[in-house]
Amino acid sequence: MGADHRSAAGGGAPAVIEPGAAAPSAVAGPPPAAPGPPAGLLGMAERRVRAFPWRRADLLIALGCAAADVVSFALSEHGGGPHRYVVGLLLLVAGAASTAVRRRYPVHVLGVVAALSLAAILIAAPTEYNFGVSLTVGLYSVARYRSRRVVALTGVAVLASQVVCGVRIGWSLPMAVLADLSAICVASAAGIGVRRWQEQVELNRQLLADRAVAEERRRIAREMHDIVAHHITTMYLMSGGARSTLDRDPDTARAALVTLESSGRTALREMRQLLGVLRGSDVAEDAPSEPQPGIDEIDRLITESRAAGLPVEFEELGEPRALPPATALTLYRIAQEALTNARKHAGNARAFVRLEYGSDRVTVEICDDGDGGGSAMVGGGYGLLGMRERVAVHGGTLEAGRRPEGGYRVAALVPLPPMEPGEDRNRDERGRTPDHRAARG
């Protein structure tokens, strides 16, 4: 932002270099190089461990499995010596530790757990037998993340190994098969049930997202209709005025014809965008037509946000120029949605709005320095879907995500059409001059 923006944002706001100023790297010097990872096999192992998508829940589950299996094994009597008892405990702990990567390698984890459990029982020779917690988690993971065929094949393999364990303890073959088959079916059914439930949740979420996109497209279509209708009305009035003044005031008639040509081109461009992007519903809507807001109304959004308790700073860069009404409306809606989410989710934070005009584009950026900003838009947020739909109408780009220094950032870049004949660069989409805009607050 500008100097005022940096002073208000503290260390959390992104720095902006004014024209002619030295870059920070030229003043402070290059930052010290960070120490690289160690070379060799140790460095490669460290990089792979850091790159693996670890989850705290998986580590806790692995610890719980190890504790449960060790306690169960320790409470049973053993026919072997103390050395075999220790080896059996180590094998069970190793099998439980492998469950930390069960989400990514469920079949491999189940094979490791089943093999180590079988080895522990054969080596330590316990006098009691139970179905281990690690083995249950492994079966659940296979059923949760793999197909039914894989679930059936792995279930048969686990059943064979566990029947060997049961017979080794002293169970009869029918009793061992019945007990192990029941445990395998329960664990696999739980995994399949959770998978179906999550698939249904994802399907419902996708349906809600599609519905939100369809509703947003209908809303955009209605707003675009109002804009095109505005241009057609202007063309009608200008053509009538040019006809009535053609004989007595040719200069006025010529100016009216230039404006008429510009409005016609703009209306044609907006209609092409409407037909090219909004290919959705034909459902009629009865919403009343209201004047559509634009860049001039961003001040009102900032005032409302400040009144609601969110400090907002505004910065306008570049040379203001006339914007197509649809472009101005898109920028307004993006600023409105981003500030609304900042008020809802950013907590005790400040927001910064930057509007920058370029020769062929216009950019609006909304940032906040809160600790929870944008949480509603991450993943399945429908506000973000609406923003992307609006920017896609104009062939622009939208960036939204958390900032490294904290908070959330939404930035939209919308390309601008070439200047039309008779278009005044110093007037905005409502025909107001820069002096008028400076005094509008």
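## Val87 and Leu91 in helix H5

Val87 sits in helix H5. This is a predicted model. Is Val87 buried, partly exposed or exposed? Its relative accessibility is 35%, so Val87 counts as partly exposed. Along the chain, Val87 and Ile123 lie 36 residues apart. In space, their C-alpha atoms are 7.7 Å apart.

Leu91 also belongs to helix H5. Which residues does Leu91 touch, once neighbours within four places in sequence are set aside? Leu91 is in contact with Leu116, Ala119, Ala120 and Ile123. Take Leu116 from that list. A stretch of 25 residues separates Leu91 from Leu116 in the chain. Their C-alpha atoms are separated by 5.6 Å. Ile123 therefore appears twice in this account: as a contact of Leu91, and as the residue whose C-alpha is 7.7 Å from that of Val87, which counts as partly exposed at 35%.

## Helix H4 and its two sides

Helix H4 covers residues 56-75, 20 residues in total. From first C-alpha to last, H4 reaches 29 Å. That is close to the 28 Å expected at 1.5 Å a residue. Which residues of H4 are buried? They are Asp58, Ala62, Cys65, Ala66, Asp69 and Phe73. Seen down the axis of H4, these buried residues fall within an arc of 100°, so they line one face of the helix. A general rule fits here. An α-helix has 3.6 residues a turn, so residues three or four places apart point the same way.

The other side of H4 carries exposed residues: Arg56, Leu60, Leu63 and Leu75. What does the buried face pack against? The buried residues of H4 pack against three helices: H5 (82-98), H6 (106-124) and H7 (133-145).

## The second largest pocket

Helix H4 also takes part in a pocket. The second largest pocket has a volume of about 270 Å³. Its lining is made up of 16 residues. Nearest its centre lie Ser72, Phe73, Leu92, Ile121 and Asn130. Phe73 is also one of the buried residues of H4.

Where does the lining come from? H4, H6 and H7 each supply at least two of the lining residues. H4 gives the largest share, four residues. By class, the lining holds seven nonpolar, seven polar and two charged residues.

## Helices H11 and H12

Helix H11 runs over residues 298-307. Its buried residues are Ile298, Leu301, Ile302 and Ser305. Viewed down the axis of H11, they fall within an arc of 95°, so they line one face of the helix. These buried residues pack against strand E1 (312-317) and helix H12 (325-345). After H11 comes Gly309, with a positive phi near 105°.

How far apart are the end C-alpha atoms of H12? They are 30 Å apart. The 21 residues of H12 should span 30 Å at 1.5 Å a residue, so the two values agree. Just after H12, Gly347 has a positive phi of about 75°.

## Thr363 in strand E3

Thr363 is part of strand E3, residues 361-368. Is Thr363 buried or exposed? At 14% relative accessibility, Thr363 counts as buried, because the cut-off is under 20%. Beyond its neighbours within four places in sequence, Thr363 is in contact with Arg354, Leu355, Glu356, Ala412 and Leu413. Thr363 and Gly396 are 33 residues apart along the chain. Their C-alpha atoms are separated by 9.7 Å.

## The chain as a whole

The protein chain has 441 residues, and 39% of them count as buried. How many helices and strands does the chain have? Its secondary structure comes to 14 helices and five strands. Consider the contacts between residues at least 6 apart in sequence. Of these, 74% join residues at least 24 apart. The contact of Leu91 with Leu116 is one example from helix H5, as the two residues are 25 apart along the chain.

Terms used:
Residues numbered from 1 in each chain as written. Predicted model: local features only at pLDDT ≥ 70, side-chain atom pairs only at ≥ 80, totals over all residues. Heavy atoms only, no water. Expected span 1.5 Å × (residues − 1). Buried < 20%, exposed > 50% of the residue type's maximum accessible area, 1.4 Å probe, protein only. Arc of directions from axis to C-beta. Contact = heavy atoms within 4.5 Å. 1 Å grid on protein atoms, 1.4 Å probe; cavity = no way out; pocket = protein on both sides within 12 Å on 5 of 7 lines; lining within 4 Å. Points joined across faces, edges and corners; volume = space filled by probe spheres on them. Nonpolar A, V, L, I, M, F, W, Y, C, P; charged D, E, K, R; others polar.
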